[in-house]
Amino acid sequence: MTTEYRVALDREACDGIFACLVRDDRFVEATDGLATIGAGASDPDETVVATFDDDRIEDARQAAAACPVDAISVREDDDE
Ligand code: SF4
């Protein structure tokens with residue numbers, strides 16, 4: 001079953017600890033040493049938002065839960 005959801009990463013809060021990367025490989029290290037979402041992204045500023053429609057929301061939630069500074073939020077698209 002797939003879910004539509006939105007993942008936001010607050011790069012101002014991110015401390016480059018990379019607990020998220022090992023839980024969900026969509027989080028990657030950007031060239032500035034902080035995390036970003038998706039391959040190939042380079043030094044995006046502030047908040048990075050990506051939407052997905054797949055069966056991996058649990059991976060994103062695990063990454064969010066693992067982040068020590070709560071920089072990641074995951075929201076299902078029907079939640080308001
Ligand atoms: S776990 Fe949090 S602080 Fe660490 S890299 Fe990921 S988003 Fe940044």
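## Briefing: a buried strand residue and its surroundings

T3 is buried, with a relative accessible area of 15%, and its place is in strand β1. The structure described here is a predicted model. The points below move from strand β1 to the loop residue R26, then to the ligand and its surroundings, and finally to D55 and D70.

**Strand β1: T3 and Y5**

- Because buried means under 20% relative accessible area, T3 falls into that class at 15%; leaving aside neighbours within four places in sequence, T3 is in contact with F52, D53, D54, I57 and E76.
- Y5 also has its place in strand β1, and Y5 counts as buried because its relative accessible area is 0%.
- When neighbours within four places in sequence are left aside, the contacts of Y5 include R26, A50, T51, F52 and D54, and among the other residues that Y5 touches are A60, V74, R75 and E76.
- One of these contacts links parts of the chain that are 69 residues apart, since the C-alpha atoms of Y5 and V74 are separated by 6.9 Å.

**The loop residue R26**

- R26 lies in the loop between β1, which covers 3-10, and β2, which covers 27-29.
- Although R26 is placed in a loop, it counts as buried because its relative accessibility is 11%.
- The side chain of R26 is joined to the side chain of Y5 by a polar contact of 2.8 Å, and the side chain of R26 also reaches the backbone oxygen of R56 at 3.2 Å.
- Not counting residues up to four places away in sequence, R26 touches Y5, T36, I37, G38, F52, D54, R56, D59 and A60.
- F52 and D54 appear among the contacts of R26, and F52 and D54 are likewise among the contacts of Y5 and of T3.

**The ligand and its surroundings**

- The ligand sits in the largest cavity, and of the 14 residues around the ligand, C14, I17, F18, C20 and C67 come nearest.
- Sorted by class, the shell around the ligand has 12 nonpolar residues, 1 polar residue and 1 charged residue.
- F18, one of the residues that come nearest to the ligand, is found in the loop between β1 and β2, and F18 is partly exposed, with a relative accessible area of 22%.
- Most residues other than glycine have a negative phi.
- F18, by contrast, has a positive phi, near 65 degrees, and is a residue other than glycine.

**Exposed loop residues: D55 and D70**

- D55 is found in the loop between β4, which covers 47-54, and α1, which covers 57-66, and D55 is exposed, with a relative accessible area of 57%.
- Leaving aside neighbours within four places in sequence, D55 is in contact with M1 and T2, while the C-alpha atoms of D55 and E29, which are 26 residues apart along the chain, are separated by 23 Å.
- D70 lies in the loop between α1 and β5, the latter covering 72-76, and D70 counts as exposed because its relative accessible area is 63%.
- The phi of D70 is positive, at about 55 degrees, although D70 is not a glycine.

How values were computed:
Residues numbered from 1 in each chain as written. Predicted model: local features only at pLDDT ≥ 70, side-chain atom pairs only at ≥ 80, totals over all residues. Heavy atoms only, no water. Helix = DSSP H or I, 4+ residues; strand = E, 2+ residues; numbered from the N terminus. Buried < 20%, exposed > 50% of the residue type's maximum accessible area, 1.4 Å probe, protein only. Polar contact = N/O pair within 3.5 Å; in protein donor to acceptor, adjacent residues only side chain to side chain. Contact = heavy atoms within 4.5 Å. Near = heavy atom within 4 Å. 1 Å grid on protein atoms, 1.4 Å probe; cavity = no way out; pocket = protein on both sides within 12 Å on 5 of 7 lines; lining within 4 Å. Sits in = over half its atoms within 2 Å of the grid points. Nonpolar A, V, L, I, M, F, W, Y, C, P; charged D, E, K, R; others polar.
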